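Q: Could you take me on a close look at the open space in this model, and then at the enclosed spaces too? I'd enjoy a connected walk through it.

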Amino acid sequence: MRIEVSRELLDRQLLDVRGRLIGKVDDVEFALDPEGTPYLSALLTGPGVLGTRVGGRLGRMLALAAERFVTDRSLTPLRMPYPLVTRVDSAVWLRVRAEELPTSAVEQWLRRHLIDRIPGAGRASG
Amino acid sequence: MRKLLAATLGILSAVGGFVDIGDLVAASQAGARFGMAHSWVLLLGVVAICAYAEMAGRIAAVTGRAVFDLIRERLGARVALLNLLASYVVTVVTLGAELGGVALALRLATGVPYLIWVPVAGVAVWLVLWRIRFPVMERVFGLAGLALVVFAVALFWLPTDWAALGRGAVTIEEAGHGWGAYWFVAVALFASTVSPYEVFFFSSGGVEERWSAADLADARFSVLVGFPIGGFLALSLIATATVVLGPAGLTVSGLEEVAHPIVLAFGGLGLAIAALAFFAVTFGAALETGLSAAYAAAQYFGWQWGKRVSPREAARFHTVLLVSMLLGVLLLLTTIDPVALTEYMLIISAVALPLTYLPILVVANDRTYLGDRVNGRWLNTLAVALLLIIMTASVVAIPLAVGTRMGQ
């Protein structure tokens, strides 16, 4: 499959198999196969890699803001091996369910310390 | 019958999304000071919001993605982040102005001081967002907002000189206030009709209600009927202000003046209807701006958003919503005058307009997203012409505001 990384993958929405929103493709990772040919190995998502790509003071501020909510100071991104991708249209579809992937650290922190403490947090209002 | 009902409801949400505190203030001020001389601005604004909301709705229906979602792919991560920051500030200031409007409407109805109502309004808006279902919320406030039609009805009770009103609508004159003030009011009124949050909300709502290409006709119909109805209501605000406030030499410094013509025509009952209408449109707009602020952030970062999932599954989205609401309330608790806040809000909205409208036009012409449902030639000609007007308004907004000291 031919795909233009910067035009069709970067910054595109990631969806799980049922259409739950996972994050954006904040960066991609290349690796070398045994013959030394580079190939697209994984899609990355997380404020750390996004901050690096945005760059400058703005990017650093973004990463610093995210760091406040995590214990893992290196802001390890969520890494999705490229073979998990089933389809690329206006979004990038994965073959896994959101529950099988690690939840974003910021999301977890806010869920535990703020949202879950408000009555009715477990019920969708439609 | 069900189809008719669905169409009516779509129109209601469009009406609800159109009229807000910005229209109440800007339209009444325009009428009180310049008579009907700004009618063309309203017409232009309605055409612009119809054209661009149709594009945003089409993008949502065909791609299943909301406008802000796609902005980042086309502008790149960095420029889109700057756009997000600017749009967020404008949307939160708008939220503050709408909450101020809710509090002013409650004071009008109860006589209890405005500042007491501010936190009440903030909590009430947040509770509705936390608990009430999306379609219910849109329809209740859209329907109650239609009570604004009392302004059109009042024209028949008041000693309206229809011929003079009609002549005023087709002549452009500065009525002794100077052209600077005329154009300042024109920019504010234009910004109030094409508020960016209307487009964020409309396209995100489409995604949330899972529009598909099959819903395109319905979405288009809602836009093309609902927004003009909103425009008609705003026009009747200008007209009543022209007939009553102008000759009496009153200027608009609160919702009392906006309601004054209705009180004159219908007395206490009129006041009650006007207060209900003001409450409904500002409360509805506060819901929409609050959601829009959170939508913009969530869609930039790719977070789970929306009201179809439980808040704990969209913790970052709901945190932004909560923080935005808090910022809106705090902004008002600085005891800033809510009408002045609305005027500032309209000016910064005008400056930020191209940030929303340019990307929509770009995506609406992108075949990788829309296939053969990209803009046709006529729509593009119209859209480019409107974008030029939007950019002009954006460029002249600050110089006009400074040069005329906010339209003095």
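**The largest pocket and beyond**

A: Happy to! The largest pocket holds about 1,400 Å³ of space. Its lining is made up of 47 residues, and those closest to the pocket's centre are A:S104, A:V106, A:E107, B:W303 and B:R316. Please keep in mind that this is a predicted model.

Next, the elements around that pocket. From chain A, at least two lining residues each come from β2 (21–24), α2 (47–54), α3 (56–67) and α4 (105–113). Chain B does likewise through α5 (77–110), α13 (255–301) and α14 (315–333), each of which also supplies at least two residues of the lining. Sorted by class, the lining of the largest pocket contains 30 nonpolar residues, along with nine charged and eight polar ones.

Now for the enclosed spaces. Searching the whole structure turns up six cavities of 30 Å³ or more. The largest cavity has a volume of about 80 Å³. It is lined by 13 residues, with B:M137, B:E138, B:F141, B:G284 and B:E288 closest to its centre. Three elements of chain B, namely α1 (2–18), α7 (134–145) and α13, give two or more residues to this lining. Of these, α13(B) provides the largest share, five residues. That helix is already familiar from the lining of the largest pocket, where α13 of chain B supplies at least two residues. By class, the lining of the largest cavity has six nonpolar, five polar and two charged residues.

One residue of chain A also deserves a stop. A:D16 sits in the loop between β1 (13–15) and β2 of chain A, and β2 is one of the elements that help to line the largest pocket. A:D16 counts as buried because its relative accessibility is 0%, where the cut-off for buried is under 20%. Leaving aside residues up to four places away in sequence, A:D16 touches A:I22, A:W93, A:L94, A:V96, A:R97 and A:A98. The side chain of A:D16 makes polar approaches to backbone nitrogens: a polar atom of this side chain lies 2.9 Å from the backbone nitrogen of A:G19, and the side chain reaches the backbone nitrogen of A:A98 at 2.8 Å.

For a sense of distance, take A:D16 and A:R60, which are 44 residues apart along the chain: their C-alpha atoms are separated by 29 Å.

Definitions and conventions:
Residues are numbered from 1 along each chain as its sequence is written. Chains are lettered from A and ligands numbered from 1 in the order in which they are written. This is a predicted model: local features need pLDDT of at least 70, side-chain atom pairs count only at pLDDT 80 or more; totals for chains, interfaces and linings use all residues. Side-chain values use heavy atoms; hydrogens and water are left out. On a 1 Å grid over the protein atoms alone, a cavity is a set of points where a 1.4 Å probe fits but cannot get out, and a pocket is an open set with protein on both sides within 12 Å along at least five of seven lines; lining residues have an atom within 4 Å of a point. Grid points are joined across faces, edges and corners, and a volume is the space filled by probe spheres set on the points. Helices (H or I, at least four residues) and strands (E, at least two) are DSSP runs, numbered from the N terminus. Ala, Val, Leu, Ile, Met, Phe, Trp, Tyr, Cys and Pro count as nonpolar, Asp, Glu, Lys and Arg as charged, and the others, Gly among them, as polar. Buried means under 20% relative accessible area, exposed over 50%, partly exposed in between (1.4 Å probe, protein chains only). Contact means heavy atoms within 4.5 Å. A polar contact is a pair of N or O atoms within 3.5 Å; within protein, one must be able to donate a hydrogen and the other to accept it, and residues adjacent in sequence count only if both atoms are side-chain atoms.
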